[in-house]
Amino acid sequence: MLLLLAGAYPFGYIVFMPRVRQKYRRSEPDLLDEIMAHGTSRNPNFPKLAELAFRQRVFGRHLAEKRRRLGLSQSVVARRMGSTQRIISKIENGGDVQVSTLARYVEALGLSLEIHARRRGAKAA
């Protein structure tokens, strides 16, 4: 498992999508069930990829909220890190970016980025 930390908020605390879906499951399949079934039929790793995308999106939204609480616009953060507003939007919407880009974004907010790798199922220190 890869754990990214930005400030004091770990992204490892996110409730994983399959568990959320299980908690709120209806008796009849819905559109998300159909999408998951179709994706899984084409790629057995689809549920894991969907879970990762969900966690990335939640993490990006957490960063956007942190930026707003600091009173910074996307344009200001982009200038601070020598990038564009489009990249800031991509980060905050959970898009795939390089770790170095994410580190520059976090530093532009006055935070630091820490990356910890640990064995699956291991407790956070």
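1. Of the 125 residues in this protein, 32% are buried. Keep in mind as you read that this is a predicted model. The secondary structure adds up to six helices and three strands, and along the sequence the order runs β-β-α-α-α-α-α-α-β. On contacts: among those with a separation of 6 or more, 59% are between residues 24 or more positions apart.

2. Next, the core. The largest nonpolar core is made of 14 residues, and the ones with the most contacts inside it are L63, V77, M81, I88, I91 and Y105. Helix 3 (46-69), helix 4 (74-81), helix 5 and helix 6 each put in at least two residues. Which helix gives this core its largest share? That is helix 6, with four residues.

3. Helix 4 is a good one to look at down its axis. Its buried residues are Q74, V77, A78 and M81. Viewed that way, they fall within an arc of 100 degrees, so they line one face of the helix. The general background is that an α-helix has 3.6 residues a turn, so residues three or four places apart point the same way. R79 and R80, on the other side of helix 4, are exposed. The cover over the buried residues of helix 4 includes helix 3, helix 5 and helix 6. After helix 4 comes G82, with a positive phi near 70 degrees.

4. I88 ties in with that buried face. Leaving out residues up to four places away in sequence, I88 touches Q74, V77, A78, M81 and Y105. Four of these names, Q74, V77, A78 and M81, are the buried residues of helix 4, and I88 itself is listed with the residues that have the most contacts inside the largest nonpolar core.

5. Now the packing of helix 5 (residues 85-92) on helix 6 (residues 99-108). Their axes come within 11 Å and cross at roughly 100 degrees. That crossing makes helix 5 roughly perpendicular to helix 6. On the helix 5 side the contact is made by I87, I88, I91 and E92, and on the helix 6 side by T101, L102 and Y105. Sorted by class, the residues in this contact are five nonpolar, one polar and one charged.

6. E92 deserves a closer look. Is this residue of helix 5 buried or exposed? With 5% relative accessibility, E92 counts as buried, because the cut-off for that is under 20%. Its contacts, not counting residues up to four places away in sequence, are R57, G60, R61, A64, R67, Q74 and Y105. If you want to check side chains by eye, the arginines R57, R61 and R67 are among the E92 contacts.

7. R86 also sits in helix 5, but here the accessibility reads the other way. R86 has a relative accessible area of 58% and is exposed. The C-alpha atoms of R86 and Q74 are 8.7 Å apart, with their positions twelve residues apart along the chain. Q74 is one of the buried residues of helix 4.

8. Over in helix 6, the buried residues are T101, L102, A103, Y105, V106 and A108. T101 belongs to this helix and is buried, with a relative accessible area of 11%. Setting aside neighbours within four places in sequence, T101 contacts M81, I87 and I91. Of these, I87 and I91 are on the helix 5 side of the contact between helix 5 and helix 6, while M81 is a buried residue of helix 4. Just after helix 6, G110 has a positive phi of about 85 degrees.

9. Last, the other helix pair. The axes of helix 2 (residues 31-42) and helix 3 come within 8 Å and cross at roughly 125 degrees. Helix 2 and helix 3 are therefore oblique to each other. Here I35, M36, G39 and T40 of helix 2 meet F46, P47 and A50 of helix 3. By class, this contact has five nonpolar residues, two polar ones and no charged ones.

How values were computed:
Residues are numbered from 1 along each chain as its sequence is written. This is a predicted model: local features need pLDDT of at least 70, side-chain atom pairs count only at pLDDT 80 or more; totals for chains, interfaces and linings use all residues. Side-chain values use heavy atoms; hydrogens and water are left out. Axes are lines fitted to C-alpha atoms, for helices over the stretch in contact, and angles run from 0 to 180 degrees between N-to-C directions. Angles under 35 degrees count as roughly parallel, over 145 as roughly antiparallel, 65 to 115 as roughly perpendicular and the rest as oblique. Contact means heavy atoms within 4.5 Å. Ala, Val, Leu, Ile, Met, Phe, Trp, Tyr, Cys and Pro count as nonpolar, Asp, Glu, Lys and Arg as charged, and the others, Gly among them, as polar. A nonpolar core is a set of buried Ala, Val, Leu, Ile, Met, Phe, Trp, Tyr and Cys residues joined through side-chain atoms within 4.5 Å. Buried means under 20% relative accessible area, exposed over 50%, partly exposed in between (1.4 Å probe, protein chains only). The arc is that of the directions from the helix axis to the C-beta atoms.
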